[in-house]
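Student: Hey, can we go through this structure together? I'd like to start with the ligand and then look at the chain.

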Amino acid sequence: MARFGGLIATDLRDVTSDPAALDSTGWWAVAADFEGAVVCARFGDVRPATAADEPAPDGWRGPAHGAWTSSLDRDSYTGGVRRIREHIAAGDVYQVNLCRVLTAPLPDPDRADVDALSAVLARGNPAPYAGTIRLPGHGVEIASASPELYLRRDGRTVASGPIKGTGRTAADLSEKDRAENVMIVDLVRNDLGRVCATGTVTVPALCAVEPHPGLVHLVSTVRGELAERNEKTAWADLLDATFPPGSVTGAPKSSALRIIDELETAPRGPYCGGIGWVDADRRTGELAVGIRTFWIDRTPPTGPVLRFGAGAGIIWDSDPDREWAETELKASRLLAVASGLHEVSGGER
Ligand SMILES: C=C(O[C@@H]1C=C(C(=O)O)C=C[C@H]1O)C(=O)O
C-alpha cells in the first residue's frame, strides 16, 4: 500500500525498476534510492483515505530513545566538514551535503508497520510532502515526513523546491544560509534547463522563510516548461537530468558526489532519494526529497532495523560543530516522535 496527499493506494498491480513506466498509464508510487535503485509500483485502487483507513494505533513501537547509533559520530562528522573545506579551498567544489545515517533495532517485529509510523509522524511532525510506501516483498518500507519538493509535474509544467538554510528560528538564518541556497538554485535551474524549453526556467521564489515543526528553512522554487521532445518520456528524462536532487548533493554535483563517496560510510538508501507518486493518466506527480524519512531494513544478518538520515550543506563558511548541531536539530524531534516520546502540545508548531 501507499499513501500520499490524503490518498490511499491499494491493490498492487505491477512493480518495475524502469522509470519509463511512469509515462505509461495508471497511478504509481515511486521510491528512488539516493544510489539510483528505483521501485515504481502501480496500484489499482486509489481513493481519498477515510477514518476507516487509519492504521491500527498499536501497529507501531519505535526504538528506545538511546538505541540509535550513527554511521558517522561527532568526530568523524566534524572531520568530514574540515575535509570538505579543504576540497573547497583546493577549488574542487563549492558545497557538499554531508550526511549520516542513524540506525536502531526495532524492539517488536509485530509492531513494525511503517503506515502506523506515518500516522504517528502526521500527529507529531506534520509535513507537506509526507507519505508512506509499504511493499515489504520488494524491500520498500518507508515513512516520510519530508518538507522538501524534489519534482512536481503538471502536464508540461515542472517545479522543484530546493531547501537550503536551517535554523531554530528565522533569526538564526544568515547570509551564509542564503549563499548555500542560491548555489543550489543555480544548480537546479541548470538541471531543469536540460529538459525544459529554452527560456522557460524561472525562479518564482528565492529564499522564502518556511516554518516547519521545530525549525525554519529557506525554500526556493524553480519552475519550467518541459521541452516538446521530453513530453512523452517526461519522468525518465526528468530523473536523468536531475537525480540525485541538488540540495542533498552539492555543487558542482559530480564533484560533490565524489566527495560524498569519499567521506560517508553508509549508503543513504531512500534518504535523500525521491519519494512520491505519479499519475501517468493525468500527467501529474509529486516526488519529495527523501529527507526526514524513516525506513525499515530487514536485510539479514541483523533483525529488522529502523534507519533515518540527517545531513547539512557544507560551504567554506561552515563551522564543523555548528553543522553537527544542525544534523542533531533535524533528527532530534523526529527520533523522539518515532520513539513515542514527543508530546504534541497546543502552541507548538
Ligand atoms: C540533508 C538534509 O537536509 C538538506 C540540507 C539542508 C540545509 O543544509 O539547510 C536543508 C534541507 C535539505 O535539503 C537533512 O535534513 O537531512
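Tutor: Sure, we'll take the ligand and its surroundings, then the annotated domain, then some backbone details. Keep in mind that this is a predicted model.

Student: Okay, which residues come nearest to the ligand?

Tutor: Those are E148, G165, T166, Y271 and R292, out of 19 residues around the ligand.

Student: And how do the residues of that shell divide into nonpolar, polar and charged?

Tutor: You get 6 nonpolar, 7 polar and 6 charged residues in the shell.

Student: Which element gives the most to the shell?

Tutor: That's β18, with 5 residues. At least two residues each come from β11 (163-167), β18 (305-314) and α6 (320-338).

Student: What does the side chain of K164 have to do with the ligand?

Tutor: An N or O atom in the K164 side chain is 3.4 Å from an oxygen atom of the ligand. There are backbone examples too: a backbone N or O atom of G311 is 2.9 Å from a ligand oxygen, and for a polar backbone atom of G313 the distance to a ligand oxygen is 3.0 Å.

Student: How much of the ligand's accessible area does the protein cover?

Tutor: 100% of it; on its own, the ligand has 390 Å² of accessible area.

Student: Where does the ligand sit, then?

Tutor: In the largest cavity.

Student: New topic. Which residues does the UniProt domain annotation cover?

Tutor: Residues 74-330, and the UniProt record calls that stretch "Chorismate-utilising enzyme C-terminal". The entry is unreviewed, by the way.

Student: How much helix and strand is there over residues 74-330?

Tutor: The chain there is 30% helix and 34% strand. The end C-alpha atoms of that stretch are 15 Å apart.

Student: Now the backbone. Which residues does a cis peptide bond join?

Tutor: One such bond joins F243 and P244, with omega at about -5 degrees. P244 is in the loop between α4 (234-242) and β14 (250-251). Another cis bond joins A251 and P252, and omega is about -10 degrees there. You'll find P252 in the loop between β14 and α5 (253-263).

Student: Why point those out?

Tutor: Because most peptide bonds are trans.

Student: And what about phi at C207?

Tutor: Phi is positive there, about 60 degrees, although C207 is not a glycine. Most residues other than glycine have a negative phi. C207 is in strand β12, residues 202-212.

Notes: Residues are numbered from 1 along each chain as its sequence is written. This is a predicted model: local features need pLDDT of at least 70, side-chain atom pairs count only at pLDDT 80 or more; totals for chains, interfaces and linings use all residues. Side-chain values use heavy atoms; hydrogens and water are left out. A residue is near a molecule or strand if one of its heavy atoms lies within 4 Å of it. A polar contact is a pair of N or O atoms within 3.5 Å; within protein, one must be able to donate a hydrogen and the other to accept it, and residues adjacent in sequence count only if both atoms are side-chain atoms. Accessible areas come from the Shrake-Rupley method with a 1.4 Å probe; for residues, only the protein chains shown count as cover. On a 1 Å grid over the protein atoms alone, a cavity is a set of points where a 1.4 Å probe fits but cannot get out, and a pocket is an open set with protein on both sides within 12 Å along at least five of seven lines; lining residues have an atom within 4 Å of a point. A molecule sits in a cavity or pocket if more than half of its atoms lie within 2 Å of its grid points. Helices (H or I, at least four residues) and strands (E, at least two) are DSSP runs, numbered from the N terminus. Ala, Val, Leu, Ile, Met, Phe, Trp, Tyr, Cys and Pro count as nonpolar, Asp, Glu, Lys and Arg as charged, and the others, Gly among them, as polar. UniProt positions are given in the numbering used here, feature names are shortened, and annotations may be inferred rather than shown by experiment.
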